[in-house]
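Trainee: Could you take me through one part of this model closely, beginning with a pair of packed helices and then following the strands that come later in the chain? I would like a connected account that I can check against the coordinates as I read.

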Amino acid sequence: MSVPASAATGKGDVAAPQAAAAASAAVSPGSAISRSEIITRAETWVAAAVPYSMDAYYGGYRTDCSGFVSMALRTNGSYWTGNLNEIGKPVAFTDLRPGDFMNYHNPADPNNGSHVVLFDKWVGAVGGDFWIYEQTKPHTLHRKWSQTSGRVLSNYKPMSYINVQDSAAGGVAAGDVTGDGYADVLGRRPDGTLWLYPNGGAGSSTAPYGPIQQVGVGWQSISTFRVADVTGDGKGDIVATRPDGALVLYVHGGDNSAPYSTGRVIGEGWAQFSQITAADVTGDGKADILAVSPDGILRLYAHGGDNNSPYSTGRVVGEGWAQFTQVTAADVTGDGKADIVAVSPDGVLRLYTHGGDNNTPYNLGTVIGSAWQQFDRVMATDVTDDGKADILATRPDGPLLLYTHGGDNNTPYNTGRQIGTGWNGLA
């Protein structure tokens, strides 16, 4: 709840401890929120140049540094630097991702330097300079850490909001949009425009994506979106969640130049899930949904056959899935049923193959890779049209890499190759 130490007083400002303690009882975490929505919410205060004040409120949130972070995270009320740790999970500095925060609370002298900033993205290489959003005097700013002064980086504790909706795709989703068998990519820019990166096919294996085309606007209102064939027509539809928990289906209309028009709501209450992925788990040719809740429960929502209301009650098909930062489903083994590829915080890549029984499809996973924590997006999808899922992965500094399935299901992915740059511009 402070201004930076470089402010005119040379000290940070915090609310009186007794006031903060009283306020803490009235606040609580909000529902699941995507990283893109956190950044979008932060941008609203930058655009409005909200003045710094420890006493004023804007949009229901206190206009100091921790009130600003509370607003961006969409918590139920304003936290302060002394209790933000209650809704944050410690992460390594080099693992910071858009929407994480860096909190400094000085318990010995709360008025001296305590401050919190919202992490945006790395300027260049991971671990170097980075962009932040912060509420400071005279108003909300978006600037580089190197443009601040008088701060000791080691004082700040990197944290990830407990209800952040980490997903395998973020502002990028992969699947066969055009119906030619080769996975395309959909990307959302910060302005909410949706872009299609079509796969050029076998003749474009070294640089498969492009030329790009805009296929939508207003997608900043969507928390999560996935590409999968829900209707069984061979072309990827979009399954999306909104911040209010609505599940929305955008059916491919048949025209690859303008594939998606108005979506329709096909479910409610989906904000409860921290991760969602869509793929054909049951082998009927229509995409099902796998969802992970913050308690680690994995649920399967099988397509019921009716494209108007495809997903009803889910059933539990696993536990302990909160250990993974990314979960993505696709047919890795080529048997027509989706397997799961998952990444844990230590970078281990695991494959959970479908065992054949749709009631209990996934058992023990197999380690198939390491050092995957370097990627902010990992997406399993069939890029090469050989019937076995490859992996597309992006790094925070923008490169896109392709790991093609090598043919051996026990060690499917070896060295990846870079097939694009600038993918950090999608959110």
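Mentor: In this predicted model, the axes of helix 2 and helix 3 come within 7 Å and cross at roughly 135°. That angle makes helix 2 oblique to helix 3, since angles over 145 degrees would be needed for the pair to count as roughly antiparallel. The residues that make the contact are Ile38, Arg41, Ala42, Thr44 and Trp45 on the side of helix 2, and Phe68, Met71, Ala72 and Leu73 on the side of helix 3. As for handedness, helix 2 passes helix 3 in a right-handed crossing.

Helix 3 itself, which spans residues 65–73, is mostly covered, with 9 of its 9 residues buried. Those buried residues are Cys65, Ser66, Gly67, Phe68, Val69, Ser70, Met71, Ala72 and Leu73. An α-helix has 3.6 residues a turn, so residues three or four places apart point the same way. The partners of helix 3 include several strands as well as a helix: its buried residues pack against helix 2 (35–48), strand 2 (61–62), strand 4 (101–104), strand 5 (115–122), strand 6 (130–134) and strand 8 (157–161). Just after helix 3, arginine 74 takes a positive phi of about 60°, a backbone detail that you may want to inspect.

Moving along the chain, consider strand 11 (residues 194–197), where both faces are covered: Leu194 and Leu196 lie on one side, Trp195 and Tyr197 lie on the other, and all of them are buried. Strand 11 pairs with strand 10 (residues 184–188) in the antiparallel sense over 4 bridges, and within that pairing valine 185 has tyrosine 197 as its bridge partner. The two strands form a hairpin with 5 residues between them, and glycine 192 in the turn has a positive phi of about 90°. Strand 11 is also joined to strand 12 (residues 213–216), by 3 bridges and again with the strands running antiparallel; here leucine 194 stands opposite glycine 216.

Strand 15 (residues 247–250) can be read in the same order. Leu247 and Leu249 point one way from strand 15, Val248 and Tyr250 point the other way, and all are buried. Strand 14 (residues 237–241) is joined to strand 15 by 4 bridges, with the two running antiparallel, and threonine 241 finds its bridge partner in leucine 247. The hairpin of strand 14 and strand 15 has 5 residues between the strands, among them glycine 245, which takes a positive phi near 95°. Strand 15 also pairs with strand 16 (residues 264–267), in the antiparallel sense over 3 bridges, and in this pairing the bridge partner of leucine 249 is arginine 264.

Further on, 4 strands form an open sheet in the order 17-18-19-20, with antiparallel pairing. Its edge strands are strand 17 (275–279) and strand 20 (315–318), each of which pairs on one side only. Neighbouring strands of this sheet are turned by 30° against each other on average, direction ignored. Inside the sheet, strand 18 (residues 288–292) and strand 19 (residues 298–301) run antiparallel and are joined by 4 bridges, and isoleucine 289 stands opposite tyrosine 301 in strand 19.

Another open sheet of 4 strands follows the order 21-22-23-24, and its pairing is antiparallel. Strand 21 and strand 24 (366–369) stand at the edges with a single partner strand each, so one side of each is left without a neighbour in the sheet. The twist in this sheet averages 30° from one strand to the next. Strand 22 and strand 23 (residues 349–352) pair in the antiparallel sense over 4 bridges, with arginine 350 in strand 23 as the bridge partner of alanine 342.

The loop between strand 21 (326–330) and strand 22 (339–343) holds threonine 333. The side chains of threonine 333 and aspartate 335 are joined by a polar contact of 3.4 Å. Leaving aside residues up to four places away in sequence, threonine 333 touches Asp339, Thr353, Lys388 and Asn409.

Definitions and conventions: Residues are numbered from 1 along each chain as its sequence is written. This is a predicted model: local features need pLDDT of at least 70, side-chain atom pairs count only at pLDDT 80 or more; totals for chains, interfaces and linings use all residues. Side-chain values use heavy atoms; hydrogens and water are left out. Buried means under 20% relative accessible area, exposed over 50%, partly exposed in between (1.4 Å probe, protein chains only). Contact means heavy atoms within 4.5 Å. A polar contact is a pair of N or O atoms within 3.5 Å; within protein, one must be able to donate a hydrogen and the other to accept it, and residues adjacent in sequence count only if both atoms are side-chain atoms. Two strands pair if DSSP finds at least two bridges between them. Axes are lines fitted to C-alpha atoms, for helices over the stretch in contact, and angles run from 0 to 180 degrees between N-to-C directions. Angles under 35 degrees count as roughly parallel, over 145 as roughly antiparallel, 65 to 115 as roughly perpendicular and the rest as oblique. A crossing is left-handed if the near helix is turned anticlockwise from the far one by less than a right angle, and right-handed if clockwise.
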